[in-house]
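Colleague: I should like to go through this model with you, region by region. May I put my questions in turn?

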Amino acid sequence: MAKLENAVKTDSTTRSSQGGFVGWLAGKLRGAADRLAPSTQPRANQTKRDADRMSSPHSALDQLLKAYLTDQGDSAVSKIHLISLDEMKEAFGPEWDRLAAKAMMITEGIIRKNLTGEDYYYRQADDSYLLLLSGLGVHEAAAKVQMIANQIRRRLLGDRADNMRGFGVKAAVVTLSELLEQGTIPCFDNINRILEERLPEEVGVRTFRRQAAGTGVSPQARVYESLNVRYRPVWNPASQLVFAYQCQPYRTTDYGIFAGQWTLNGGYLDPLGIEVDKKVIEDALKHMRSMRDDTSPPVTLIPLHYKSFTGQARNEMFSLISSLLNQCRQEMVAFELVGLLDSLPVNRLPQIVAALSRLSRFVAVRAVPDQFDHIKGYLNGVRLLGLDLNDISRHGADTASRGRAMIDFARFAKEQGIASYVWDLKTIDEVRLALEMGFSNLNGLAVASELAEPKHLFELSVQRVIR
């Protein structure tokens, strides 16, 4: 890719303000595409090279998936990593078809150079690779994948890589459930054959219940220790009162800080979601104990995974809730069920809502617009239905999309005769729209800032919020 490096280094004038960074880079790179396109003539030793590619490190999809699902400690939890040239593909546009083979050949060479005989990789289409690093923990695997991505970026972009830090080559950790949901991996027959007798339907796409042997730290403990909880004031515009605080779990990883649906790599279907529930309950209890003698304590709204009440964890969850109620007053506690997904038995929703309602001040149910048809027949007993705008898109939704989601949700809740709420309001315009659409309860930075611990009830006028 020396010519590409030279082409990028030449003419370092200011990037165009039209089309953004990707458009500017595309203009710089397209001129090099013709010269870099690999020869269309077959090579005499191509068959041998194809055979070599299947040798160690292993590149077969079957092998990668089997390793993922085999009991191999940390690497079996969620350590499928993705290295993607998607941004570079976008920059080249139509010219990528001619350049992809050579770019991917260089990328694969760097990947193979850095993997061991126990590691696995798999090429996806013409812009990315999946990697599984056996025997490495969370932080070690993340550091190694990032190092590989940096090497690829420097090889493809040359000296310009220093000025384009983070561009062109993306590294991320993904779960098998995410890949299946997005249809990312081809050869579904292979996937289904491998998964067929390994995963119970009710848990979702994958499961992992092994405790680490010896003195090692279990995957459950690793997730639990990476979590912390903050509190979002919940505002009721009708009473102009902040009457509750919603627990907001965060998980800190080498890839950033994640919240809400994205707290765990597998989203709401992640089998380690119960560790998030445990952390939230534990932290909420600590603060509720300190306020249990107050005459008018705020409500603590505790989000819990719906999946935790539909599988083997059901009894454990109700045991935790029972312990919680033994140490604080019932009127101080409310629950929010999150993660109503098509792959879970939503017909149990009324039963779960009824059970939790007997143990708390109220039960809220969170959903997203594309679940309306799925859940509308099972809302008996649900009195509060809401939307967290953070759940709309993993990479953030634009203003128009957030607004449409709020309008659709408010109308649906009204049709069902259920009060509605909305979380994660970021702008005054979103607050105004929420008020216009009749949402009962609101939270988000546009309403009030998150806190390290819940405070007391306080008045908050509409005029003060939308000033």
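**The turn with a positive phi**

Modeller: Q240 lies in the loop between β5 and β6, and the model that contains this loop is a predicted one.

Colleague: What sign does the phi of Q240 have, and near what value is it?

Modeller: Most residues other than glycine have a negative phi. Q240 departs from that pattern, as its phi is positive although the residue is not glycine. Q240 sits in the turn of the hairpin formed by β5 and β6, with 4 residues between the two strands. The sign is positive and the value is near 55°.

Colleague: Is Q240 buried, partly exposed or exposed?

Modeller: A residue counts as buried under 20% relative accessible area and as exposed over 50%. Q240 has a relative accessible area of 29%, so the class is partly exposed.

Colleague: How many bridges join β5 to β6, and which residue of β6 stands opposite V229?

Modeller: Strand β5 covers residues 227-236, and 8 of its 10 residues are buried. Its partner β6, residues 241-253, runs antiparallel to it, and the number of bridges joining them is 10. The residue of β6 opposite V229 is P249.

**A buried lysine**

Colleague: Which side chain of opposite charge is nearest to K279, and how far away is it?

Modeller: K279 is placed in helix α12, residues 273-291, a helix in which 14 of 19 residues are buried. K279 is itself buried yet has no salt bridge. A salt bridge requires the side-chain nitrogen to be within 4 Å of a carboxyl oxygen. The nearest side chain of opposite charge is E282, at 4.4 Å.

Colleague: Which residues does K279 contact, leaving aside its neighbours within four places in sequence?

Modeller: Strand β5 comprises residues 227-236. Once the neighbours within four places in sequence are set aside, the contacts of K279 are Y224, L227, N228 and V229.

Colleague: How far apart are the end C-alpha atoms of α12?

Modeller: At 1.5 Å a residue, the 19 residues of α12 should span 27 Å. The value in the model agrees with this expectation, the separation being 28 Å.

**A strand with two partners**

Colleague: Which strands are joined to β1 by bridges?

Modeller: Strand β1, residues 80-84, is largely enclosed by the rest of the structure, because 4 of its 5 residues are buried. One partner runs antiparallel to β1 through 5 bridges and spans residues 128-132. Another, spanning residues 170-174, is also antiparallel and is joined by 5 bridges. The partners are β3 and β4.

Colleague: Which residues stand opposite H81 in β3 and I83 in β4?

Modeller: In the pairing with β3, H81 faces L131. In the pairing with β4, the residue opposite I83 is A171.

**Around D424**

Colleague: Is D424 buried or exposed?

Modeller: D424 is found in the loop between β12, residues 419-423, and α17, residues 428-437. Its phi, near 70°, is positive although the residue is not glycine. With a relative accessibility of 9%, D424 counts as buried.

Colleague: Which backbone nitrogen does the side chain of D424 reach, and at what distance?

Modeller: Outside its neighbours within four places in sequence, D424 is in contact with several residues, including R232, D388, L389, N390 and R402. The backbone nitrogen that its side chain reaches is that of N390, at 3.4 Å.

**Helix α16**

Colleague: Which elements are included in what covers the buried residues of α16?

Modeller: Helix α16, residues 399-416, reaches 26 Å from its first C-alpha to its last, close to the 26 Å expected. Its buried residues include R402, M406, F409 and F412. The elements that cover the buried residues include α15, β11, β12 and α17.

Colleague: Which residue just after α16 takes a positive phi?

Modeller: The helix ends at residue 416. Just after it, a positive phi of about 70° is taken by G417.

**The whole protein**

Colleague: What percentage of contacts between residues at least 6 apart in sequence join residues at least 24 apart?

Modeller: The protein has 18 helices and 14 strands, and buried residues make up 52% of its 467 residues. Of the contacts between residues at least 6 apart in sequence, the share joining residues at least 24 apart is 70%.

Key:
Residues are numbered from 1 along each chain as its sequence is written. This is a predicted model: local features need pLDDT of at least 70, side-chain atom pairs count only at pLDDT 80 or more; totals for chains, interfaces and linings use all residues. Side-chain values use heavy atoms; hydrogens and water are left out. Buried means under 20% relative accessible area, exposed over 50%, partly exposed in between (1.4 Å probe, protein chains only). Two strands pair if DSSP finds at least two bridges between them. Lys and Arg count as positive and Asp and Glu as negative; His and the chain ends are not counted. Contact means heavy atoms within 4.5 Å. A polar contact is a pair of N or O atoms within 3.5 Å; within protein, one must be able to donate a hydrogen and the other to accept it, and residues adjacent in sequence count only if both atoms are side-chain atoms. The expected span of a helix is 1.5 Å times one less than its number of residues.
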